[in-house]
Amino acid sequence: MTDKYCVFGNPISHSKSPIIHAAFARQTGQDIEYRAILAPTDGFADAVDAFIAEGGKGANVTLPFKQEAFQLATRLTLRAEQAGAVNTLVFNDNEVVGDNTDGVGLLRDIMINLRYPIKGKRVLLLGAGGASRGVVGPLLGELPESLTIANRTVPRARSLAEHFASVGPVTGCGYDELAGRVFDIVINATSASLSGTMPPLPEGIFAPGSLAYKMMYGMGDTPFSTFARAQGVGLFSEGLGMLLEQAAESFFLWRGIRPNCAPVAELLQTKA
Ligand code: ATR
């Protein structure tokens with residue numbers, strides 16, 4: 001019987017995960033089915049139960065359910081535990097394993113694909129929700145000079161920074177506190193682009209040769225990309241690499257085989 005996988009989210013129609021995993025399955029000769037499931041915002045656990053009941057073997061979890069998936073898992077990997085958020089579920093006979101592949105996906109794309117080192121860099125992370133939580137620990141593991149988390153709701157940024165204070169040099173602040181500061185890497189982990197907006201960033205935050213990275217792929221030009229380019233950022237990434245790398249890591253967890261992301265990147269770009 002074909003093994004079943006899915007991605008849960010709300011909204012979910014924009015998700016590229018079904019195309020990506022179908023391409024990974026073709027490339028590696030794995031017989032799987034992967035579909036997108038729109039879960040009601042108050043019905044995530046029920047949607048997971050229903051999918052397990054029909055024989056589901058694993059799932060990805062996206063906005064806004066990553067923290068709920070963390071609560072729901074009966075066993076957590078170390079990186080999920082540290083993130084406090086889960087983007088990958090594995091359904092074994094008597095347990096639901098929660099993992100988080102976002103951090104490793106982001107690091108692989110920035111450091112290997114884009115060849116941009118993080119060590120010694122001033123990093124700014126925009127947003128303090130589930131997407132941010134997954135990448136703070138892995139970013140600090142690469143020994144940046146500093147990691148600043150800025151968020152609209154300032155206490156959220158401060159408490160996220162406090163949670164990781166023992167891991168590395170991380171602080172939380174509001175957007176107005178960024179005035180006059182300069183960063184080498186600016187990562188947008190907010191969901192602002194879903195509503196066609198961006199966080200209120202001051203001018204002049206991009207150092208010469210800096211990298212701006214959008215963690216939510218698939219919206220084309222957004223106010224953030226337009227702003228970063230107008231401000232003279234050195235390199236801008238739409239986040240396709242992270243999307244593929246985190247998916248490849250999930251696929252590896254489920255199937256024990258690691259797909260090659262490069263041909264799938266080409267496929268998505270020709271479809272876009
Ligand atoms: P996710 O799991 O994707 O991170 P989330 O937990 O709902 O989703 O978090 C969304 C993030 O985007 C938050 O940091 C949110 O800021 P608040 O904590 O202040 O709500 C941020 N965000 C969403 N819309 C935004 C906007 N228009 N401007 C600035 N930040 C925004």
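**View 1. Leu 125 and the residues it touches.** In this predicted model, Leu 125 meets a group of residues beyond its immediate sequence neighbours: leaving out those up to four places away, it touches Ser 132, Val 135, Val 136, Leu 147, Thr 148, Ile 149, Ala 150, Ile 187 and Ala 189. Leu 125 belongs to strand S7, which covers residues 122–126. Its relative accessible area is 0%, so Leu 125 counts as buried, the cut-off being under 20%. For a sense of distance, look for Asn 94: it is 31 residues from Leu 125 along the chain, and the two C-alpha atoms are 37 Å apart.

**View 2. An open sheet with a helix packed on it.** Six strands make up this open sheet, and you can follow them in the order S2-S1-S3-S5-S6-S4, with mixed pairing. At the edges sit S2 (32–38) and S4 (75–76), each pairing on one side only. Helix H1 (residues 17–28) packs on the sheet and touches S1, S2 and S3, with its direction at about 175° to that of S2.

**View 3. Strands S1 and S3 side by side.** Here S1 (residues 3–9) pairs with S3 (residues 56–61) in the parallel sense, over 5 bridges. To find your place, spot Cys 6, which stands opposite Ala 59 in S3.

**View 4. The ligand and its surroundings.** Around the ligand are 14 residues, of which Leu 63, Asn 151, Arg 152, Thr 153 and Arg 156 come nearest. Oxygen atoms of the ligand lie 2.7 Å from a side-chain N or O atom of Asn 151, 2.7 Å from a polar side-chain atom of Arg 156, and 2.9 Å from a backbone N or O atom of Ala 131. On its own the ligand has 640 Å² of accessible area, and the protein covers 82% of that.

Definitions and conventions:
Residues are numbered from 1 along each chain as its sequence is written. This is a predicted model: local features need pLDDT of at least 70, side-chain atom pairs count only at pLDDT 80 or more; totals for chains, interfaces and linings use all residues. Side-chain values use heavy atoms; hydrogens and water are left out. Two strands pair if DSSP finds at least two bridges between them. Helices (H or I, at least four residues) and strands (E, at least two) are DSSP runs, numbered from the N terminus. Contact means heavy atoms within 4.5 Å. Axes are lines fitted to C-alpha atoms, for helices over the stretch in contact, and angles run from 0 to 180 degrees between N-to-C directions. Buried means under 20% relative accessible area, exposed over 50%, partly exposed in between (1.4 Å probe, protein chains only). A residue is near a molecule or strand if one of its heavy atoms lies within 4 Å of it. A polar contact is a pair of N or O atoms within 3.5 Å; within protein, one must be able to donate a hydrogen and the other to accept it, and residues adjacent in sequence count only if both atoms are side-chain atoms. Accessible areas come from the Shrake-Rupley method with a 1.4 Å probe; for residues, only the protein chains shown count as cover.
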